Amino acid sequence: MKIAVVGATGAIGRTFLKVLSERNFPMDELYLFASARSARQELECRGKIYKVEELDEHSFDRGVDIALFSAGGEISLKYAPIAAAEGCVVVDNSSAWRMKDDVPLVVPEVNPEDIKWHKGIIANPNCSTIQAVAALWPLHRAYGVKRIVYSTYQAVAGAGMSGVRDLEEGLKGGAPKKFPHPIAGNCLPQIDVFLEDGYTKEEEKMINETRKIMHAPELKATATCVRVPVFYGHSESINAEFEKPYDLAELRELLRNSPGIVVQDDPGAGIYPMPVNAAGADDVYVGRIRRDNSVESGVNLWVVSDSTRKGAAYNAIQIAELLSKNNLPWKRAIN
Ligand code: A2P
């Protein structure tokens, strides 16, 4: 299969190359694209060196089967339709296409069936949303989630290489360039821009994307998203209220048996998920599992995962694997 990575030099682009190197994905050829700034830069994947090319309108007219995009919303808006018109399936990590009605938004552990109705573009959800729905889905199926309160503690890598640099430089006393305030020694209750209702776009994304992925348009949800001085690994406090009563031991067992979930929950022994342990791994770690005693049937969870892996590159490559297993490259699916 011919694979392209758009935004190959970025934080997620580089993680695509790492994940492709680790997995047995059926890749015969690989093309790397970024801006003119990085053209001719060399990057490694599966022990081979590839030259980065400048992205343009003709980048996909060489029979590319799947293009993994992570170069920001504007690039996706412009180039994803161009790639799709060439018969390529785009798995897009930006927010540009996620809420469009004819674009599936997919977390393979939750709604793998949605890849079947793609029309050339499949959206990879927001990083904080992916780990949240991965943990909530088995509980939703068993007990019916009716309300969610998200509070996030998000790593700087979620903002790309420039976010990582802001923390590195900030720790040495440098001024921020990416974030509106210093991130070293600080917490910023702002991720993305503010909307008219006082929420940030990140908070709105978590709410809307959760509903779309779980096929639950009526679900009540609210969110507060905070950037914290952590390099890799988003942490989330998730409070969920259920329709049905539940047994706590059974809920824990349900999570333990869910794909992609690792339960780390022995607080007495100091065992709970932490970003330093999740960084570089693909799983979603869940701990601090306890009843919310303020409602009839509710639970509190602490959910941690690497936003560059399950929150972005790994989830996108899982989607690409589903496409290849279902023999679904677009040009073969259309007549
Ligand atoms: P470049 O390194 O050439 O700027 P991050 O999210 O880590 O900031 O990465 C963004 C990615 O998007 C980088 O690979 C970046 O390439 C790429 N990118 C930014 N602008 C463009 C553009 N105009 N055309 C193609 N790729 C772009």
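## Ligand surroundings

In this predicted model, 15 residues stand around the ligand, each with a heavy atom within 4 Å of it, and Thr-9, Ala-11, Ser-35, Arg-37 and Ser-38 come nearest. This shell divides into seven nonpolar, seven polar and one charged residue, where Ala, Val, Leu, Ile, Met, Phe, Trp, Tyr, Cys and Pro count as nonpolar, Asp, Glu, Lys and Arg as charged, and the others, Gly among them, as polar.

Polar contacts are pairs of N or O atoms within 3.5 Å. A polar side-chain atom of Ser-38 lies 2.4 Å from an oxygen atom of the ligand, while Thr-9 places such an atom 2.5 Å from a ligand oxygen, and for Ser-35 the distance is 2.5 Å. The protein covers 70% of the 570 Å² of accessible area that the ligand has on its own, as given by the Shrake-Rupley method with a 1.4 Å probe.

## Seven-stranded sheet

An open sheet of seven strands follows the order β3-β4-β2-β1-β5-β6-β7 with mixed pairing; strands are DSSP runs of E with at least two residues, helices are runs of H or I with at least four, and two strands pair if DSSP finds at least two bridges between them. Because β3 (42-45) and β7 (121-123) each have a single partner strand, one side of each is left without a neighbour in the sheet. Neighbouring strands are turned by 25° against each other on average, direction ignored.

Strands β5 (66-69) and β6 (89-92) run parallel and are joined by four bridges, with Phe-69 standing opposite Asp-92 in β6. Helix α1 (11-22) lies across β1, β2, β3 and β5, at about 30° to β3, where angles run from 0 to 180 degrees between the N-to-C directions of axes fitted to C-alpha atoms, for helices over the stretch in contact. Helix α2 (73-85) touches β1, β5, β6 and β7 (contact means heavy atoms within 4.5 Å), and its direction makes about 175° with that of β5.

## Six-stranded sheet

Six strands form an open sheet in the order β9-β8-β10-β13-β12-β11, again with mixed pairing, and its edge strands, β9 (220-227) and β11 (261-263), each pair on one side only.

Eight bridges join β10 (234-242) to the antiparallel β13 (298-305), and Ser-235 stands opposite Val-304 in β13. Helix α5 (201-213) packs on the sheet, touching β8, β9 and β10, with its direction at about 140° to that of β9.

## Basis of the values

Residues are numbered from 1 along each chain as its sequence is written, and side-chain values use heavy atoms, with hydrogens and water left out. Since the model is predicted, local features need pLDDT of at least 70 and side-chain atom pairs count only at pLDDT 80 or more, whereas totals for chains, interfaces and linings use all residues.

Key
Polar contact = N/O pair within 3.5 Å; in protein donor to acceptor, adjacent residues only side chain to side chain.
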